[in-house]
Structures are given as C-alpha cells and as structure tokens.
Amino acid sequence: MNAHTGDSDAPVGEGGPRRGGWTTGEVARRLGVAPTTVRTWDRRYGLGPDVHTDGRHRRWTAADVARLERMCALTATGLPPAEAARLARSEEAPTAATRPRGADVARPASAGHRSRAGSGLRWGDVRQECRGVASAALRLDAAVLDELLLAAIAEHGLVAAWTEVIVPTLQAVGRKWEASGERYVEVEHFLSWHVSGALRRATPRTVEDRPGATTVLACVPGENHTLPLEVLSAALTERGVPVRMFGGALPVESLVAAVRRTGPAAVGLWAQSRTTASRPLAQHVAAMEWGVRGARRRPVVLTLGPGWAGQAVAGLARPAGLAEAVAALESSVYP
C-alpha cells in the first residue's frame with residue numbers, strides 16, 4: 001500500500017517546505033534523530049537554519065535539511081561529529097586521512113531511486129517516518145528507534161503503522177542487505193527486535209480467554225519468521241480478541257495439541273516460504289473437531305503469509321494482508 005500525505009505534512013527533503021519552513025520536530029522525525037540532537041548540532045557546530053524567522057521557533061528550509069542529512073551520513077561512517085559538521089558545512093568530500101578505515105562513505109543516490117542521504121536505501125512513495133526509522137536502525141540508535149516506532153503506532157494505529165511504516169522500512173533494509181554482500185545483517189536483526197518490543201509495549205494487556213472465542217496463531221514447522229504474526233496478535237488483542245500465540249517453528253504434534261487444548265474459533269498458520277507451507281497440515285487442522293456429540297465444532301483456518309502463494313487449500317481463506325487477516329479472524333470469533 002502506498003502512503004501519501006497532504007501538503008501540510010509533506011516529507012522533509014521532498015518538494016518545497018510549507019510556508020515558513022519545517023519545525024525542528026518535523027526535521028528530527030525525518031532524520032531519525034531526537035530533536036535535542038538537532039538543537040545540539042545547531043548550538044555546537046553551527047548547523048542551524050540559514051534564515052531565522054521572528055519569534056522563538058526556528059524554521060528549516062530544504063537546504064538546511066540537506067546539510068543535516070549530510071551530517072547524519074558522515075557521522076554514520078564513523079567521523080567525529082566536529083569533523084563531520086565541518087564537512088557538512090563546506091560540502092567537501094572526506095579525505096583518506098579523515099575517513100575511518102573501512103568506512104562506507106555516502107554516495108549520491110542513483111537516478112531513478114530516491115535515497116536517504118548516506119543510507120543507500122532505495123525508497124518509493126512512502127511515509128516520511130520510514131526514512132527516520134531506517135536512519136535510526138542503521139545507526140543502531142536504540143532509544144531513538146523505540147521513540148519513532150512507538151510514535152508511528154500511536155499516530156497511525158497498529159495496522160497502518162505496520163503496513164505503511166514498518167514493512168517498507170524492513171523491505172528497504174532487506175534490499176540493502178542483499179545488495180551489499182550480506183552486510184548489515186545486524187541492522188535487520190536490530191530493527192526486527194525493536195519492532196517486536198514496540199508491538200508489545202503498544203498493545204493492551206492480554207485478553208482473557210472466552211470459551212469458543214480464542215484465536216491460535218503459529219508458524220508452521222520449519223518457519224521462524226514470527227514478526228508478522230506478532231503484529232497480527234497485537235492488532236487482535238487491541239480489538240479485544242483472545243489470542244494464543246505460539247511463535248516460530250511449532251512442531252506438528254504440538255500444534256495439534258494446542259488446538260485440542262484451546263478449542264479455538266480460528267487458527268492462523270504463517271508460512272514465509274513455500275518450502276515450509278504444508279497443505280496437508282492445514283487440512284488436518286481444519287478437519288479437527290471437539291465438543292459434545294451433536295454439537296461438534298471445527299476451527300476456521302487461515303493460511304497466512306507469502307509461502308501459501310500457489311498452495312491454495314480448498315475451503316481455507318488466504319487473506320491478502322494484515323487488515324484483511326484481522327477482519328477475517330475477528331469475524332470468525334464474533335460472527
């Protein structure tokens with residue numbers, strides 16, 4: 001899903017600023033740093049706005065922001081902040097003497113791909129928060145990353161924050177990993193861990209079980225990509241749906257036991273890869289029954305994730321995305 005914003009929320013660094021320029025808070029979100037960092041760079045290194053408006057609030061132009069983006073890119077290579085600020089102001093390139101050994105110096109984005117300065121990440125039409133989240137992840141800045149993720153969830157809601165902020169950022173980081181000879185694996189793991197933590201902090205406490213109204217979520221055997229199920233669990237919990245989350249690579253016998261013990265209204269089976277998606281397993285779970293004679297029940301089973309593409313199971317739903325999965329499971333529990 002492509003996200004777009006109105007003129008009043010135009011991404012910093014794309015198009016012209018609104019009348020009067022951008023606020024320090026808006027610039028900080030764009031860069032993926034704390035507002036105090038922007039103010040410190042202004043006070044210590046003279047990287048503030050070129051033009052000052054009347055009043056206490058500063059306004060930043062596109063040129064001002066470009067200078068700060070260069071500062072971010074240079075510090076990401078390991079340059080000391082003072083030297084990075086000098087180069088950012090002068091627009092000089094780092095020399096061999098000032099560049100740390102092995103540093104990946106920022107290069108201009110290639111034509112046809114818009115990129116956060118110095119990140120090497122390719123972007124399409126995404127929300128401005130994506131760039132800030134990616135920048136914080138690339139710097140391994142835990143505090144700022146948590147702040148930005150929680151802010152995105154609070155502002156847009158879990159489903160929109162996942163679809164329009166978190167997923168595009170994870171995809172961009174993944175592309176960078178693939179294009180760099182499997183470097184930056186630590187960034188992908190770091191980002192995933194903090195997304196998982198943000199989902200837990202943003203979710204209300206666990207919903208109590210109600211007989212016949214529970215949803216079981218599990219990865220199929222051999223599948224360890226749990227993050228999509230974590231956000232689905234959080235979104236269902238937010239809506240008051242009892243969830244039992246079993247995480248990655250649940251063995252077949254354990255999955256069957258969990259379904260029998262909980263008697264769920266619905267079961268969601270996640271498969272990231274076609275090699276892990278198992279049609280016989282999904283059919284077996286869908287055929288399970290429990291309850292007294294004459295009132296036997298079966299669960300609604302959803303096949304979730306790209307691994308089920310081309311592995312359609314007759315009679316089982318395969319939602320296209322998170323919003324559809326939430327709606328399908330919620331309606332299964334509360335028809």
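How are helices H9 and H12 oriented to each other? In this predicted model, the axes of H9 (residues 227-238) and H12 (residues 322-333) lie 10 Å apart and form an angle of about 50°. Angles from 35 to 65 degrees fall outside the roughly parallel and roughly perpendicular ranges, and H9 and H12 are therefore oblique to each other.

## The chain as a whole

Let's step back for a moment. The protein chain has 12 helices and six strands. Its length is 335 residues, and 47% of them are buried. If you take the contacts between residues at least 6 apart in sequence, 66% join residues at least 24 apart.

## Two helix pairs

Now back to the helices, with a second pair alongside H9 and H12. Helix H5 covers residues 128-138 and helix H8 covers residues 185-202. Here are the two pairs in a small table.

| Helix pair | Angle | Axis separation | Handedness of crossing |
|---|---|---|---|
| H9 and H12 | about 50° | 10 Å apart | right-handed |
| H5 and H8 | roughly 120° | within 9 Å | right-handed |

The angle between H5 and H8 makes H5 oblique to H8. On the H5 side, the contact is made by Val 133, Ala 136, Ala 137 and Leu 138, and on the H8 side by Val 187, Phe 190 and Leu 191. Sorted by class, this contact of H5 with H8 holds seven nonpolar residues, with no polar and no charged ones.

For the other pair, H9 brings Val 231, Leu 232, Ala 235 and Leu 236, while H12 brings Leu 322, Ala 325, Val 326, Leu 329 and Glu 330. The contact of H9 with H12 consists of eight nonpolar residues and one charged residue, with no polar ones.

## Nonpolar cores

In soluble globular proteins, nonpolar side chains tend to be buried together. In this model, the largest nonpolar core has 48 residues, and those touching the most other members are Leu 145, Trp 162, Leu 191, Val 195, Leu 232 and Leu 236. Helix H7 (residues 158-179) gives this core its largest share, eight residues.

Some of these names should look familiar. Leu 191 is part of the H5 and H8 contact, and Leu 232 and Leu 236 belong to the contact between H9 and H12. What does Leu 191 touch, not counting residues up to four places away in sequence? The list is Val 133, Ala 137, Leu 145, Thr 169, Leu 170 and Val 173. Apart from the largest core lies another one, of 21 residues, which includes Val 220, Leu 255, Leu 269 and Val 301.

## Two local spots

Try finding helix H1 (residues 24-31) in the structure: this helix is mostly covered, with six of its eight residues buried. The buried ones are Thr 24, Glu 26, Val 27, Ala 28, Arg 30 and Leu 31. Just after H1 comes Gly 32, with a positive phi of about 80°.

Another place to visit is Pro 81, which lies in helix H4 (residues 81-90). Is Pro 81 buried or exposed? The relative accessible area of Pro 81 is 38%, so this residue is partly exposed. Leaving aside neighbours within four places in sequence, Pro 81 is in contact with Tyr 45, Met 71 and Thr 75. Tyr 45 is 36 residues away from Pro 81 along the chain, and their C-alpha atoms are separated by 8.5 Å.

Technical notes
Residues are numbered from 1 along each chain as its sequence is written. This is a predicted model: local features need pLDDT of at least 70, side-chain atom pairs count only at pLDDT 80 or more; totals for chains, interfaces and linings use all residues. Side-chain values use heavy atoms; hydrogens and water are left out. Axes are lines fitted to C-alpha atoms, for helices over the stretch in contact, and angles run from 0 to 180 degrees between N-to-C directions. Helices (H or I, at least four residues) and strands (E, at least two) are DSSP runs, numbered from the N terminus. Angles under 35 degrees count as roughly parallel, over 145 as roughly antiparallel, 65 to 115 as roughly perpendicular and the rest as oblique. A crossing is left-handed if the near helix is turned anticlockwise from the far one by less than a right angle, and right-handed if clockwise. Contact means heavy atoms within 4.5 Å. Ala, Val, Leu, Ile, Met, Phe, Trp, Tyr, Cys and Pro count as nonpolar, Asp, Glu, Lys and Arg as charged, and the others, Gly among them, as polar. Buried means under 20% relative accessible area, exposed over 50%, partly exposed in between (1.4 Å probe, protein chains only). A nonpolar core is a set of buried Ala, Val, Leu, Ile, Met, Phe, Trp, Tyr and Cys residues joined through side-chain atoms within 4.5 Å.
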